[in-house]
Amino acid sequence: MKEIRPALLMLLLFTLICGGLYPAVVTGLAQLLFPAQADGSLIADATGRVIGSALIGQPFSDPKYLWPRPSATGGFAYNPLASGGANISPASPAYGKTIGERLGKLPAAGLTGPIAADLVQASGSGLDPHVSPEAAAAQVLRIAQARGLSEARVADMLAAHLETRQFGFLGAPRINVLAVNLALDAAAP
Amino acid sequence: MDMFAWLQTGLFFTTLLLLVKPLGIYMARVYRGERTLLSPLLAPCENLLYRICGVNPDKEMDWRHYTAAMLLFNLTGMAALFALLNMQHLLPFNPRGLPPFTWQLALNTAVSFVTNTNWQAYSGEAAASYLTQMTGLTVQNFVSAATGLAVIIALIRGFSRRTTALIGNFWVDLSRGVLYILLPLSLAAALLLVSQGVIQNFSPYRTVLLLQPFNIDTPAGQETVAEVTLPMGPVASQEAIKELGTNGGGFFNANSAHPFENPTPFSHLLEILLILVIPAALTHTFGVMVGNTRQGWALFSVMLLLLIFSFGALQWVETDAAPQLSQFGIEGGNMEGKEVRFGQAATSLFEVATSATSCGAVAAMHDSLTPLGGMIPLSLILLGEIVFGGVGSGLYTMLAFAVIAVFVAGLMIGRTPEYLGKKIEVREMWLSIVTILIAGVVVLILSGIAMVTPSATASMANAGAHGLSEVLYAFASMANNNGSAFAGLNADTNFYNLLGALAMLIGRFVPAVAMLAMAGSLAAKKYVPPSLGTLPTDKPPFALWLLLVILIVGALTFFPALALGPIAEHLTVPGGN
C-alpha cells in the first residue's frame, strides 16, 4: 500500500505535464508558427466577412454554385457540430434506394457526363470540403448556364482551383467547393 | 492502384522500415536507463518527479509488486477521469457550457481511455469540454500507452534476465515512457499536424454566415439555416498522441475523417506512420534487449506480411471488387464514408493500420465499407491486434503466440520447447493461452448475449447480417482495446456502456497481468544455452510457422461468427457470389 502515494502523485504530475503544459506549449508554438492553420484556416469574402473554413464543406444547392458531395451529418447536411457518416451498409437495400434516388435527380439537376462515385456517396466526416475533378466537371454546363458564363470560362476556373496530389504523389486530386464558389461569385455575381 | 498510389505506398513502408532500427535502439537505451540525446534536458525533470513522488528509481520490483503498482495507477486514473466527466459542467475551459456525462457513459469512457481502447459512445464536439479533452482524455492517452510499454519492457526483461525475481520498477518505466518517448515525439508530430491545418486553440466555437442559406424541414415547419457553428479547440496536441499511443479517440465524432483532425494527404500518412512506428520499433527494442536483433526482425516480418496482405485485400475489395456498386454504373470504387483528399489507397492503408494496431482512429467509416471490406479490419482486431498491435500490448500478445508456436513445434518434433534460452513449461503455456484467448471468449459470449437481448439488437442501424457485424465489431473492438466501430450502432445505452466497460477491463488487464506473471516466472529461470536440440526462432521457417499458428488459432475461433456476419452479407448481395 506504500504505492498509493506515487500512484496519486504520478497521476497529478502527469496531468499537469501532459494535460496542461504540453497542450499549452503546442498552442503557443502553433499560434506563433502557423496562426492561420491553428485557428481553422478561416476564409473571408471580398468584404472581409468570415464565411467559413477552407477545410469545412458547406451545403450548396443553387444551380449557379458548384455542389458538394451528399452529407450525412446530424440535423442538416454539412452541420459542423455533428460530424459523421451515414453508416449504412453499401450492400443493403436501403442504401441501394438512397443511391437510386440521388442518381435519379442528377439529369434534372443538369449533371452530365460519367457519374463519379463521390457525387452520390457521402463522406465519412460529412464535412468533406472537396469534390473530385470528375464530379466538378459534370457540373460545368449547369453552372455556366445559371451564371451566363461560357462553359470554357467555368472549366478554366475549376482548373485554376484544382489541388493536385500533395508533393506530386500523395492523396488524390481534388477541388475545394467553397473556394470555387467564392471565385464564381467574384467573377459573375 | 495507379502509379502514384504504388509510389506513395512504397515510400510509406520504406519510411517505416527505416525508423524501426533507430527508434528501437533509442527505446532500449531509455528503458535500460542509459544516456540519450534528450538526457541533459529530461534527466533533471525525471529525478525531480521521483523525488516528489517518493520513488527510489534504483529499487526494482518483483512481478507481484510491479503488477500491483500498475493496477493501482490505472485504477486511480479511472477514478479521476470518471469524476472529471461527471463534473465537467462545474469546471473551467467549457466554453459551450456542456453538461456532465451520465454515470454509465462516464464509466464506459473512463474505462475506455484508461485501457487504451478509446471506444467513444459520445460525440466529441457535442459532449466533451476542452478541460475534459486535455486533462482527462489526453493525459490517459499518454499514460495508458506508457503502461503498455512498461508491461512489454518488463516481459522482455523476463526473457533477458537470469535467476532473479526482479523485473524493473513500474514508476520508472512509466515515467521514462512518457518523458523520453511519447512527449517529444508528440510535440514534433503535433506541430507538423498544425502546419497542415489541424487546429490548435482555446477559442470558443465560431459562428459563420453561410454563402448560400438553405431551408430545412423541421417538425415545427420550414426553417432557414443561414449560419453554422465551427467547432474549435486544442485538437493537434491530442491528435498526435491519439495516433502515437495507438489510442484512437477522436477530438471530433468523425475522428481522423474530420478535416480539422486530418486535413491533407500528408497529415493522413503522418498519422498512419505515428500509429505504426512505436509498435514496429518495439520489435527491434526487443531484439536489442534479448541480445539478438534477428529475433526482433523475425517477429517484425510476420507482422509486416500480415499488414501488407490485409492492405492489398482491403484495397482490392473496395475498388475493383465492389459488385454492389458497379450495378449503379458509378466510377471510382466505394467512396461512401471516405474523403476525397486521401484517395482510395491511402484510405485503405489507414484502416488496416488502425485495426492491426489497437489504435481505432478511423479516416473512413468502417460501417460503410463493403461487406468483405469491413471484414478485414474486423479480422485484424479479432486476431488479437498482434500485427504491430497496440503500443506494448501488440508485442506482448505476439510473444504469447510465439511461446505457443515454440511449444507446439516442440511437441511435433520431439524437442524441449525453449524460447530465447528459457524453458517453456506449463506455467508459461497457461499464461500465454489466457493472453491470446481471453478477448475472443469475451467477444463471442457478449455478442451472443447481445443477439438475444432486445434492447441490444434495437441499437443496430442495419438489419440482418450487417447488424450482427455491427455488434460483433463493437465487442471485438472493446475486448481487444481497439476503439473503432461500425458506427451505425447506437452504443450509448446501458447494455453497451456497462458490458462494454467489462469487456475492455478484461481485455486489457487479464493479458497484461498474465504477461507480467510470465515475466516473473521467466526471469527466475536459468539460461539454457542453445544446443543441437534447440529450435532456431530467428530464422524464416519459424516466422512462417508462427504465421500459421496465428492464422489457425484466429480461423478456428472466429470463422463461424464471420460466416454469419460479413460473409453471409456478401453472398446475399446481387453479384456477390
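In chain A of this predicted model, strand β3 pairs with strand β5, which covers residues 174-176. The pairing is antiparallel and runs over two bridges. Within this pair, A:V131 has A:I175 of β5(A) as its bridge partner. The two strands belong to an open sheet of three strands in chain A, ordered β3-β5-β4 and paired in the antiparallel sense. Strands β3 (130-131) and β4 (162-163) of chain A each have a single partner strand and stand at the edges, so each has one side without a neighbour in the sheet.

Helix α8 of chain A, formed by residues 177-187, lies across β3 and β5 of chain A. The angle between α8(A) and β5(A) is about 55 degrees. Helix α8 of chain A is also among the elements that cover the buried residues of α6(A). The cover further includes α5 (133-137) and α7 (151-160) of chain A. Helix α6 of chain A spans residues 140-147, and its buried residues include A:V140, A:I143 and A:A144. Two arginines of this helix, A:R142 and A:R147, are buried as well. After α6(A) comes A:G148, which has a positive phi, near 70 degrees.

Chain A as a whole contains eight helices and five strands. Along the sequence these elements follow the pattern α-α-β-β-α-α-β-α-α-α-β-β-α. The radius of gyration of chain A is 22 Å, whereas the globule rule gives 16 Å for 189 residues; the chain is therefore more spread out than a compact globule. Taken along the principal axes, the box filled by the C-alpha atoms of chain A is roughly 75 × 45 × 35 Å. The domain assignment divides chain A into domain 1, residues 1-39, and domain 2, residues 40-187. The centres of these two domains of chain A, taken over C-alpha atoms, are separated by 38 Å.

Of the 189 residues in chain A, 53% count as buried. Among the contacts in chain A with a separation of 6 or more, 57% are between residues 24 or more positions apart. The surface exposed by chain A amounts to about 7500 Å², and carbon and sulfur atoms supply 66% of this area.

One residue of chain A that touches chain B is A:E3, located in the segment before α1 (4-33) of chain A. With a relative accessible area of 11%, A:E3 is buried, since residues under 20% are classed in this way. When its neighbours within four places in sequence are left aside, A:E3 is in contact with four residues of chain B: B:M61, B:H65, B:L72 and B:W171.

Chain B contains 19 helices and six strands. Its radius of gyration is 23 Å, close to the 25 Å given by the globule rule for 577 residues, so chain B is as compact as a globular protein of that length. The C-alpha trace of chain B spans about 80 × 60 × 50 Å along its principal axes. Buried residues make up 65% of the 577 residues of chain B. Of the contacts in chain B between residues at least 6 apart in sequence, 79% join residues at least 24 apart. The accessible surface of chain B is about 18700 Å², with 68% belonging to carbon and sulfur atoms.

Two of the strands of chain B form a hairpin, in which two residues join β3(B) to β4(B). Strand β3 of chain B covers residues 206-218 and strand β4 of chain B covers residues 221-230. They pair in the antiparallel sense over nine bridges. In this pairing, B:I216 has B:E223 of β4(B) as its bridge partner.

Elsewhere in chain B, B:G343 lies in helix α12, which is formed by residues 343-356. B:G343 is buried, and its relative accessible area is 16%. The C-alpha atom of B:G343 is separated by 38 Å from that of B:F509, a residue 166 residues apart from B:G343 along the chain.

Notes: Residues numbered from 1 in each chain as written. Chains lettered and ligands numbered in written order. Predicted model: local features only at pLDDT ≥ 70, side-chain atom pairs only at ≥ 80, totals over all residues. Heavy atoms only, no water. Pairing = 2+ DSSP bridges. Helix = DSSP H or I, 4+ residues; strand = E, 2+ residues; numbered from the N terminus. Domains from an automatic or database assignment. Rg over C-alpha atoms; globule rule 2.2 N^0.38 Å. Buried < 20%, exposed > 50% of the residue type's maximum accessible area, 1.4 Å probe, protein only. Contact = heavy atoms within 4.5 Å. Areas by Shrake-Rupley, 256 points an atom, 1.4 Å probe, with all protein chains shown as cover. Axes fitted to C-alpha atoms, helices over the stretch in contact; angles between N-to-C directions.
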